[in-house]
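Colleague: I would like to learn how to read a model like this one. Please take me through it feature by feature.

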Amino acid sequence: MYKSILVPVDILEEELTGNAVKHAVYLAKLSDANMRLLHVLPISSAIINSYALGYPELKDKASVKAEEDLKKLVDSIDLPKGQVSYSIAFGSPRDEIAVVASEVAADLIVIGSRRPNITTHLLGSNASGIVRYANTCVLVVR
Ligand code: ADP
């Protein structure tokens, strides 16, 4: 059924992430799909400077930490190595998720959602932005 599952993760939110990843892994196993984890970081001045100076490898602390956390998460996932990959993007989650979804030809996006509360109604701003901008199925895990 699914061939490519994109799982955008807010790696600072461990509980939320763990829950969404569980569902994604289950579906990936069922349909032998590839799985891509993605974390989107805000564009920081450190990153802009490192590119402007011609040293794109000089990453800022946030992206180094994000990459470490993503690697750990990938290692903890019970799927064959070649089936899981990860990437980091910079910008707004909504837009970058749409870009990566088309890069990996995602046929399903799995995201977490906070419990509905009075301030966010049923979906928070990231989650609703992702749902509205995606041109594929989105599973919101609660
Ligand atoms: P909001 O509070 O605006 O709903 P959440 O923090 O609840 O946003 O995020 C909902 C989901 O959106 C997360 O579980 C994750 O799947 C995705 N998400 C949020 N922020 C990011 C991010 N920076 N990078 C990748 N995915 C994200």
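The dialogue below covers confidence, the ligand shell and the nonpolar core.

Modeller: This is a predicted model, in which local features need pLDDT of at least 70, side-chain atom pairs count only at pLDDT 80 or more, and totals for chains, interfaces and linings use all residues. Residues are numbered from 1 along each chain as its sequence is written.

Colleague: Where in the protein chain is confidence lowest, and where is it highest?

Modeller: Read pLDDT, the predictor's confidence in each residue, from 0 to 100. The protein chain averages 88, and 87% of the residues score at least 70. Helix H2 (residues 45-52) is lowest at a mean of 68, while strand S1 (residues 4-8) is highest at 98. Helices (H or I, at least four residues) and strands (E, at least two) are DSSP runs, numbered from the N terminus. For the complex, the predictor gives an ipTM of 0.94 and a pTM of 0.89.

Colleague: Which residues come nearest to the ligand?

Modeller: A residue counts as near a molecule if its C-beta atom, placed from the backbone, lies within 6 Å of it. Here 18 residues surround the ligand, and Pro8, Ile111, Gly112, Gly124 and Asn126 come nearest. H5 gives the most to this shell, four residues.

Colleague: What does Isoleucine 5 touch?

Modeller: Contact means C-beta atoms, placed from the backbone, within 7 Å. Leaving out residues up to four places away in sequence, Isoleucine 5 touches Ala24, Leu27, Ala28, Ala33, Met35, Ala106, Leu108 and Val110.

Definitions and conventions:
Contact = placed C-beta atoms within 7 Å.
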